[in-house]
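Visitor: I am new here and would like a tour. Could you take my questions one at a time?

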Amino acid sequence: MYTDISILEFDKILHTLKRYAVTDLAKQNILLIEPTNKVEDISLWLLEVSEAKTMIERYDETPLTGVLNVKDALKRSTIGSTLHIEELLRIVSLIEAASRSNIFIKKVRQLLIPSEILNHYYDEILTHPALKKAIELCIDDKGQIYDDASSELATIRKKMHVSEKRVEEKMASLLKSEQSKLTDSIITIRNNRLVLPVKAEYKNSFKGIIHDQSSSKETVFIEPMSCVEINNLLQTLLVEEKQAIEKILAALSYEVSLCAFELEHNLMVFTSLDIIFAKAKYSISEQLEAPLITKNEIDLINARHPLIPREVVVPNTISFYQYHTIVITGPNTGGKTVALKTLGLLSIMVQSGLHIPVSTGSKTIVFNNIFADIGDEQSIEQSLSTFSSHITKIITILRIATRNSLILLDELGSGTDPKEGASLAISILDYIRNKNVFSMVTTHYPELKVYAYDLEDTVNASVEFDIESLKPTYRLQIGVPGTSNALDIASRLGLMDEIVNHARTVSMQFDNDTIILMKKLEKQSVALQKEIDETIARKEALAVERAELDKLIVSSKQKYNQRLKEIDIEKDKVLAKTQEEAYVLIRELDELKKSADFKEHELARIKHEVKNLGAMSEQFIKLNQKRIMIGDVVNVVPYQKSGIVMKKRGPNEYVVQMGVLTGNFSEKDLEFIEKKQESKSISSGRITLESSAKVELDLRGKRFDEAMELLDKYVDDCLMNHLEFAYIIHGYGTGALRKGVLDYLKKNKTVKSFRPGGASEGGSGVTVMYLR
């Protein structure tokens, strides 16, 4: 794919993007990014950035601290080289980064943040805890080798410690006995040997080896003869220590070599993630959006040039609709060249996997090539192009341009005789149109306005100019040809009216019927565009007002519902005493069951009514008006409880499962929460509906009294819901809980029969009860 990256200043975008990267490798690779014309790759890149953007906005960016460039170290380990301590610590840092990434993606998934596109990156990251442990057992975080890193090193350092202590003792003794001969009472080191600072006049009488002297020559540094043998031993031990450390580092390097390929792959994954998240951070910072990739639609809504500050740049909508060529006419310094560069640069950004500064809903296509011939006299970085250089560049473009390329030409045909220049421009445009490419050109020639009007695949455009302020507004107007406004500008600047009016008369003599019609259409187009802009402004204002009103309505409903909840709490306090008295009565009734001929369903009904004493009679307000579907998770508004829509009973009536309770509710009492998620089995004494035909109570892990109370309440619930059978899970254990369950079922008159569970039902750890 060919792109004029430097002319369209894409390199500046990459240098800006580089600042958002964390790792050195990503910063290097960002500067090497190039656009592609492969639709699948571009679509995937944009989705990756969008997903990373969502992760940052809803949680955080992927952790990349500690990801260091260890490629050379890994490569050296594979050929048998011994790695330095610093290199091994950098590898530990890379391993720790892998662990942090695993924690990050687990948290993302727990928060239900979309990660389907980026999941494979994190799944490819491998942790190496064994290698990390091996290195950390030998090297501390300051880069020092532990004494016990090997038995050999431990023995050597123990000997060194003993020798150093002996030398220090002898030196300390000499400091006292020879104090008059010393310039200072200190022990120092010269040539890696312990020495004493001796006055120069005593150098011959002080027994030892001279290693150095001070710059003033008044002090000589002497190693006492009594310490020479011990120092020699220390020097030998130092060599042995170095050799032992080399063996340790060599062994660790070998361990690294075994994981080198995986570690290098981790590094590549981190680099890719860093680039993706850099693009996402850039998108958030600059308020960018991902356009929709289409086959033949280009509609960049409120497109901004990304290198112009947001507070200065004027957004423009660049739409080709059914056209393939846009001809922009009008005066200099009006923004024509900026429009060209905006289209070209945004196209390169998209095809490099970057979001672009446009509004949501923008569309574009993937160009096979992106050409630009822009002689921008407004840029101090480029010199003025001559006619010859322009034509040379255009010749190259026309020769290599293919179908679905984008061609951007600034001041087409300029720099020569106007008549010949206009003719050449028209001829070039005809050639471009026949190649079935997209193009945007700027020109001063009025002949090109007429040319564009006569073609169905070509449209005029201009950059708006404010006559009152004599300044361009930089607003691109598709369908409206530009004018030089020279006579109006001259009049506003004070040129005499008779001259201006005479110029208008002369100008009209040059106008043919087509130009007169064009001017009439221009005025109508401007007026129509003004009405469109006003309508859009009113629509946007109404949308803002509607949004504010919706917020106010929701806020009011939320306050109303909150107040109902507060009332409910107050009622609970008042009814607590009454409810307790009712439970006392229930316990008395339970005692009567043993002798009295009492209807069990009636007792269950009384219990149910007591449990629901003080149920709220006020009506909660439904906030979400989304239509209810079977399988939806909903809020049952009157009860403020969530449930699942099981089936539809009538036009506006649904069966809703709330735990083990099932009820029929009108659609007006159901509020959509979310689509049903796959349910997970819940234990610890809670009733779990596994399917419409299986209900079970899990009593495992419960105290005996607590289990009996749960069982009693559960039987009541089964009666209320007309269940015919249920599973009681009591487990094996000591058998006490199973015996208690069987005794209860034998005494309960509502239980028709019961049996141990079958082989596929849990065996004797489950009892199946059948209700009357």
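Guide: What follows is a set of questions and answers about this model, which is a predicted one.

Visitor: Let us start with the open sheet of four strands. What is the order of its strands?
Guide: Strands of a sheet can pair either parallel or antiparallel, through backbone hydrogen bonds. In this open sheet the pairing is antiparallel. Following the four strands across, the order is E1-E2-E4-E3.

Visitor: Which strands stand at the edges of that sheet?
Guide: An edge strand has a single partner strand, so one side of it is left without a neighbour in the sheet. The twist from one strand to the next averages 50°. The two strands at the edges are E1 (188-190) and E3 (208-213).

Visitor: Over how many bridges do E2 and E4 pair?
Guide: E2 covers residues 193-199 and E4 covers residues 219-224. Where they run alongside each other, lysine 199 stands opposite threonine 219 in E4. The two strands pair in the antiparallel sense, and the number of bridges is four.

Visitor: Which helix packs on the sheet, touching E2 and E4?
Guide: Look for a helix whose direction makes about 5° with that of E2. This helix spans residues 151-177. Its name is H8.

Visitor: At about what angle does H9 run to E4?
Guide: H9 is the helix of residues 225-286. H9 lies across E2, E3 and E4. Its angle to E4 is about 75°.

Visitor: Is lysine 247 buried or exposed?
Guide: Lysine 247 lies in helix H9. In space, its C-alpha is 9.2 Å from that of serine 150, although the two are 97 residues apart in sequence. The relative accessibility of lysine 247 is 52%, and the cut-off for this class is over 50%, so lysine 247 counts as exposed.

Visitor: Which element gives the most residues to the largest nonpolar core?
Guide: That core has 66 residues, and those with the most contacts inside it are Ile91, Ile139 and Ile145. Isoleucine 91, for one, touches residues including Val70, Leu131 and Val256. With 20 residues, the element that gives the most to this core is H9.

Visitor: How many residues does the other core have, the one that lies apart?
Guide: Among its members are Leu46, Leu346, Val463 and Leu476. This core lies apart from the largest one. Its number of residues is 51.

Visitor: How many residues apart are tyrosine 2 and phenylalanine 371?
Guide: A search of the whole structure finds six aromatic pairs. Tyrosine 2 and phenylalanine 371 form a stacked pair, with 5.2 Å from centre to centre and 25° between the planes. Tyrosine 2 is in the segment before helix H1 (10-18), while phenylalanine 371 is in strand E10 (residues 370-373). This pair links distant parts of the chain, and the separation is 369 residues.

Visitor: Is phenylalanine 371 buried or exposed?
Guide: Its ring partner, tyrosine 2, counts as partly exposed at 32% relative accessibility. Phenylalanine 371 has a relative accessible area of 1%. The cut-off for the class is under 20%, so phenylalanine 371 is buried.

Visitor: Why does the pair of tyrosine 59 and phenylalanine 104 count as stacked?
Guide: A pair of aromatic rings is described by the distance of the centres and the angle of the planes. Here the centres are 5.6 Å apart. Planes under 30 degrees apart count as stacked, so the pair is stacked because its planes are at 20°.

Visitor: Which residue joins tyrosine 59 and phenylalanine 104 in one aromatic cluster?
Guide: Phenylalanine 104 is in helix H5 (residues 85-110), and tyrosine 59 is in the loop between helix H3 (39-58) and helix H4 (71-78). Phenylalanine 104 is buried at 5%, whereas tyrosine 59 is partly exposed at 35%. The remaining member of their cluster is Tyr122.

Visitor: Over which ring does the charged end of lysine 279 sit?
Guide: A charge over a ring also appears at arginine 190, which lies over the face of phenylalanine 221 at 4.0 Å from the ring centre. For lysine 279, the distance to the ring centre is 5.7 Å. The ring beneath it belongs to tryptophan 45.

Visitor: What is the phi of lysine 217?
Guide: Most residues other than glycine have a negative phi. Lysine 217, in the loop between E3 and E4, has a positive phi although it is not a glycine. Its value is about 65°.

Note on methods:
Residues numbered from 1 in each chain as written. Predicted model: local features only at pLDDT ≥ 70, side-chain atom pairs only at ≥ 80, totals over all residues. Heavy atoms only, no water. Buried < 20%, exposed > 50% of the residue type's maximum accessible area, 1.4 Å probe, protein only. Pairing = 2+ DSSP bridges. Axes fitted to C-alpha atoms, helices over the stretch in contact; angles between N-to-C directions. Contact = heavy atoms within 4.5 Å. Core = buried A, V, L, I, M, F, W, Y, C linked by side-chain atoms within 4.5 Å. Phe/Tyr/Trp six-rings, centres within 6.5 Å; stacked < 30°, edge-to-face > 60°. Lys NZ or Arg CZ within 6 Å of the ring centre and 35° of its normal. Lists of a residue's contacts leave out its neighbours within four places in sequence.
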